[in-house]
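Reader: Hello! Could you take me through this model and explain the terms as we go?
Author: Gladly; ask away.

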Amino acid sequence: MLMTRKKKRIVKIGNVSIGGDNPIIVQSMTNTDTNDVKASLNQINELAKRGCEVVRLAVRDASAQKALVEIAKESPLPLVADIHFDYRLAIMALDSGFSALRINPGNILKSENGIIDTSPLDKVAKSLLEHNASVRVGVNSGSIEKDLLQKYGAPCPAALVESALRHVALLEERGVQQIKISLKSSSVLHTIESYRIMNEKSDYPLHLGVTEAGTPLRGAIKSAMGIGSLLMDGIGDTIRVSLTADPVEEIKVAYHILRAAGRRDVGVELISCPTCGRTEIDVIDIANKVDALVQHVKKPLTVAVMGCVVNGPGEAREADIGLAGGRDKGVIFRKGQIVRAVNGEKELLEAFIAELNSIL
Ligand code: SF4
């Protein structure tokens, strides 16, 4: 059963609102050298074309300043700067026009002879408030503090949640409230459990992801399991699928997950039969061609590619448009009703594409 989504407070990343009743936002991260403005902007534009709504860039050192300004000026998407330990880079990114940070406040506190210097964090918090920017606290199983590892014995959901809440408290103490939280583990089960606990404890929007999910097939499956089950539980306000692949692939998988979880009705739902001994046309080839053709479509549509006229129209009764094969011929149907019969496999595909284009 699809659970009602828990309403979280609304956090902005540029002009994109996350939380509340807003759609679940799709994010990705560039894998270009951020200093390479042209390559980074090309990738951001491509991601935007595919439906990415917020994009994160790694900021490694101060040499990126000029590039950050140029990228922020031209980017069609709001930008998040991914910073690890150097607080000055965080301030530099916000001054350059970035809308948000991904930084863990606890990582920028300095400690000398047992005395903790909070001034770097004070400065970042001040900059966040001045720029009306937001921040994501992102804890993963590899970043849990030593004392929590000792307390819990190993990285576990309770340790992830406690660690994240510590970082959040450091921001709250400085007046920062535009906060999102992520709790990522490469273990799908730990990821799910961590977000479930946090969902009960906090009303900050949750950024879902399974970290280091892997190569496209493995990563898509782990992400679908982790992100998908949380979404169905009503948990999650924004998602990032992490794949060892071109980030464009992350966007495709993210929308497949959102559609399958019933959370966003964007793009084409492709129904294709698994093929069997009754199959009389090359369904695998045709389905792959149709899949490639509809990759860019944002209009919500159901498209079916079926191997036989016996079960095809019936099995895909609700499809907006479908194709079912017979021996050297096939039929095209709309909403389960046959509207056209075509001879020849090549001609069938051409006629189907023409029909499909007429409703896009
Ligand atoms: S639609 Fe027809 S060809 Fe495809 S799996 Fe079902 S029975 Fe077999």
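Reader: Which residue stands opposite V268?
Author: V268 stands opposite L301 in β14. This is a predicted model, in which local features need pLDDT of at least 70, side-chain atom pairs count only at pLDDT 80 or more, and totals for chains, interfaces and linings use all residues. Residues are numbered from 1 along each chain as its sequence is written.

Reader: How do you know that β13 and β14 pair?
Author: Two strands pair if DSSP finds at least two bridges between them, strands being DSSP runs of E with at least two residues, and helices runs of H or I with at least four, numbered from the N terminus. Five bridges join β13 to β14, so the pairing condition of at least two is met. The two strands run parallel.

Reader: What makes the crossover after β13 left-handed?
Author: The chain goes from β13 through helix α10 (residues 283-294) to β14. A crossover is right-handed if, with the strands pointing away from the viewer, the path from the first strand over the helix to the second runs clockwise. This β-α-β crossover is left-handed, so it does not meet that clockwise condition.

Reader: Which strands make up the sheet, and in what order?
Author: The open sheet has five strands in the order β13-β14-β15-β16-β17, with mixed pairing.

Reader: Why are β13 and β17 called edge strands?
Author: β13 (268-272) and β17 (337-343) each pair on one side only. Further in, four bridges join β14 (residues 301-306) to β15 (residues 321-326), and these run parallel. There, M306 stands opposite A324 in β15.

Reader: Why is β9 described as largely enclosed?
Author: A residue is buried if 20 or more other C-beta atoms lie within 10 Å of its own, exposed if 12 or fewer, and partly exposed in between; C-beta atoms are placed from the backbone. Seven of the seven residues of β9 (residues 134-140) are buried, so the rest of the structure largely encloses this strand. Both faces are covered: S134, R136, G138 and N140 lie on one side, and V135, V137 and V139 on the other.

Reader: What pairs with β9, and over how many bridges?
Author: Three bridges join β6 (residues 100-102) to β9, running parallel, and L101 stands opposite V135. β9 also pairs with β10 (residues 179-184) in the parallel sense over six bridges. V135 stands opposite I179 in β10.
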